[in-house]
Amino acid sequence: MSIRTKVLGMVDVMMRVPPILVIDEILKIDMGWPSSGGGGGGGGSGASSLGATVTDAVTVEDAAGVVESIVSPASGGVGGAGVLSQSFGGLVDEFAKDTHISDLLGLTLVKFLICLLGLICALCIVMLWTRHLVMVYMFVISLGLTFLSHWSNVSALAIMENSPCILEDVLSMNTTRLLDTGSVVVAIAPHVVAQWFMGMLFAYIHLGPRYTILQKAMPVIFASPIILATLPLKPRMLKYLPLVADAVPLMLTKITLLISAMDAGKTVYNGYQYAMNFVSNFGLSALIENEWQRLNVPSVLRVFWTIRITQGFVSMMLRDEVNTTNILPTLQTLLVDGCGTLTAVLGMTSVISVISHYIGKAFQWYLLTFDNEEEKSLGTVSAVLFYILALQTGLTSLAPDKRFVRLCRNLSLLITALLHFIHNIVSPILMSLSAARNPSRKRHFRALTVCAFLVLAPICLLVALWRRHSPSTWLLAVTAFSVEVVVKVLVSLATYTLFLLDACRQTFWEKLDDYLYYVRAFGNSIEFCFGILLFFNGAWILVFESGGAIRAIMMCIHAYFNIWCEARAGWSVFMKRRSAVHKISTLPEATPAQLHAFDDVCAICYQEMHSAKITRCRHFFHGVCLRKWLYVQDRCPLCHEIMMYTDRTDVTDPNAIQQQEQAAPVPIRNREDNALDNRSRSTDENNSSSSTSASLLSSSSGSSATAAVGSVSSSLGSSNYTMASTTAHPSQTAANSTSASTTSTTAAVATAAASNTTHSFRFSPDLDVQD
């Protein structure tokens, strides 16, 4: 991206910030409604103080005084509660004090309608394309130059009102008084220069008719009241000079407004048509994503929030409220002011999103990994989580002291969520490192240090919180999330250790799948219990502490996705495992003589067979490999015949076995089988070791491992943590037939409820195999 493109993008972002500031100031005064006294509005005092300085009626005689009373506080009120809030509040009060409108509708309703109109206009301006946005700013600046010129002329005339006539001093060559530093000439000279430059700028940017003579005379028109005031005119005539000078630019602005009204209507209609066509062709989500990128919303919100915080900090410095002894109270005040309205919370959310994104980038750099999807979504998920927490807890409606406490609690929950996200980044790396035959020790060390950090950080956080705070519902939620992070890390480390041990073995480790199942079932059971605990904790908050529609909706989402769906998926896995173990138990075990006579590898995992199961079609497979195949179907991976014995006598009767051997057709290796063999061999060659391939077939975290015929894989999704919700790691199901038959039903159901793995199997595209 070139420098010119970056500069233009920055200018586009800066042009969209002022409408956001206007929206924020409107929300500060609660849309003109009387403030409830909690902590929602922040600009009411400034509005009332400015409104008291403005006259009750606007007439031609005192128009200059009205404009001066509105503009003057804005120029000198930087140290107040907010420049925009004071000026906007004063204008709203002035328009609302019109007696005729107030008699019809009422003062509060008029203020609300004005605020609503301003809010709609600001939103429309934010959504404009850059070309139209530039035209709006040109119109606003030209109008602002007119009012600024009027204020400057009024100020200059006030200086010249009780002073000697400048023309007489010039004609009499009274250089002493003319060149005196305190003379009138020196006082009005800046006003003359300012009027000249404002006239030139107005002639350059105004959108009205551009007549050559009028363009050249515009600086003279702007400075004409001061020039004419040097003549010996009556004081009554001097009051009308600024209005006469404002007539020409105001007339041009009015003509511009009339001409542009039709174009503005067409622009709005074309925008509506564009949105409808886009939605009909690509969908609403695509339209939102496209507009989000076009408007560069995150950058606009970040710049807006930075300007808002900077304005508050400068105001505090001008009031001498900032020094080295009160840095923390100053920071607290700025943070409280930075989340006082919905737009301010959006700005803070955008800043938190950037911080979270770079935290993910830092861990990604440390782990020497790139293009991690979890890191890419880290900033977005953190932003959504923080904003939902702010809405759920009513952050903007709280008093300043309570708002800061609530903000700290929300940030504590966000920190625990970040720890979960970091674990989701490091967990697949651990699994890939454990599967490598010649791994880099540096990468192992870095991954293990991140795991150590994920264990120590939650513990330190809990120790600090429990020492400073008494037990409460939010502290219980933070504790549950923190303990859950520790459990997940320990489960990942245990899985990593098992894979390393399997990589060091020279023979096939049939018990690996059982150990992995037990470890992950333990972790998933704990996570499932924490999910139930958090649901009841949220129900207590909803009923006895702070209710709300958003909290109720989030609880329903948590109950459905993190409790019901997890329990249903765990039960489904348990039933599949139980059914597979039962089917395997019906198959005969191969004797050493049969294995010696077979003298081949398992057709699923390509590992040597020290023990095997014999199917009805007389094919030999590892019991563990065949159990995973049975999760999908009951047909043989090689010949597609039914593998199970229909009658128990088929297994024990030697004559039946001999008849089956004679009657069993020799499997014809057709095109599908050849394709499967080719795929399995290429997959086996790409694996770093045959032992690792079997381990990954048995279980993998965050990835899928393909092996041999059928390309059996178990997909294990990583956890995504959102609002007060947890999801467990997928766990591979494995156990031998003896242990499965003696397991109690209660323990099995508890373990199955914690497991949320759905086993997916991938087949060759040439095969027509259905689940």
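Me: Which residues does the UniProt annotation "domain: RING-type" cover?
Reply: This is a predicted model, and the label comes from an unreviewed UniProt entry. Over the annotated stretch the chain is 21% helix and 10% strand, with the end C-alpha atoms 16 Å apart. The annotation covers residues 602-640.

Me: Is arginine 618 buried or exposed?
Reply: Arginine 618 lies in the loop between β1 (613-614) and β2 (620-621). Its phi is positive, about 70°, although it is not a glycine. Most residues other than glycine have a negative phi, and that makes such a value worth a look. As for accessibility, its relative value is 19%, and the cut-off is under 20%, so arginine 618 counts as buried.

Me: Which residues is phenylalanine 598 in contact with, leaving aside its neighbours within four places in sequence?
Reply: Start with where it is: phenylalanine 598 lies in helix α24 (residues 592-598). With a relative accessible area of 29%, phenylalanine 598 is partly exposed. Its C-alpha atom is 8.2 Å from that of phenylalanine 620, a residue 22 places along the chain. Setting the sequence neighbours aside, the contacts of phenylalanine 598 are Met609 and Phe620.

Me: Let's turn to the aromatic rings. Why is the pair of tryptophan 129 and tyrosine 274 given the name it has?
Reply: A pair of aromatic rings is described by the distance of the centres and the angle of the planes. Here the centres of tryptophan 129 and tyrosine 274 are 6.3 Å apart and the planes are at 75°. An angle over 60 degrees puts a pair in one particular class, so this one is edge-to-face.

Me: How many residues apart are tryptophan 129 and tyrosine 274?
Reply: Tryptophan 129 is in the loop between α6 (107-126) and α7 (130-160), while tyrosine 274 is in helix α13 (residues 241-282). Tryptophan 129 is partly exposed at 45% relative accessibility, and tyrosine 274 is partly exposed at 34%. The pair links distant parts of the chain, and the two residues are 145 residues apart.

Me: Which charged residue sits over the ring of tryptophan 129?
Reply: Tryptophan 129 has several partners, since ring pairs link it with Tyr274, Phe278 and Phe282 into a cluster. A charged end also sits over its ring, 4.1 Å from the centre. That charged end belongs to arginine 294.

Me: What kind of pair do phenylalanine 363 and phenylalanine 453 make?
Reply: Phenylalanine 363 belongs to helix α17 (residues 342-366) and phenylalanine 453 to helix α20 (residues 441-468), 90 residues apart. Phenylalanine 363 is buried at 17% relative accessibility, whereas phenylalanine 453 is partly exposed at 38%. Their ring centres are 5.8 Å apart and the planes are at 40°, so the pair is tilted.

Me: Which helices are included in what covers the buried residues of α15?
Reply: Helix α15 (residues 297-318) has 22 residues and reaches 31 Å, close to the 32 Å expected. Its buried residues include Val300, Leu301, Phe304, Trp305 and Arg308. An α-helix has 3.6 residues a turn, so residues three or four places apart point the same way. The cover over the buried residues of α15 includes α1 (3-28), α14 (284-295), α16 (327-337) and α17.

Me: Which residues touch the most other members in the largest nonpolar core?
Reply: In soluble globular proteins, nonpolar side chains tend to be buried together. The largest nonpolar core here has 32 residues, and among the elements that give two or more residues to it are α15, α17 and α18. One well-connected member, phenylalanine 386, touches residues including Val345, Met348 and Leu407. The residues that touch the most other members are Met348, Phe386 and Val478.

Me: What is the relative accessible area of serine 382?
Reply: Serine 382 is found in helix α18. Not counting residues up to four places away in sequence, serine 382 touches Ser356, Leu414, Leu418 and Phe421. Serine 382 is buried, and its relative accessible area is 0%.

Definitions and conventions: Residues numbered from 1 in each chain as written. Predicted model: local features only at pLDDT ≥ 70, side-chain atom pairs only at ≥ 80, totals over all residues. Heavy atoms only, no water. Phe/Tyr/Trp six-rings, centres within 6.5 Å; stacked < 30°, edge-to-face > 60°. Helix = DSSP H or I, 4+ residues; strand = E, 2+ residues; numbered from the N terminus. Buried < 20%, exposed > 50% of the residue type's maximum accessible area, 1.4 Å probe, protein only. Lys NZ or Arg CZ within 6 Å of the ring centre and 35° of its normal. Expected span 1.5 Å × (residues − 1). Contact = heavy atoms within 4.5 Å. UniProt positions renumbered as here; feature names shortened; annotations may be inferred. Core = buried A, V, L, I, M, F, W, Y, C linked by side-chain atoms within 4.5 Å.
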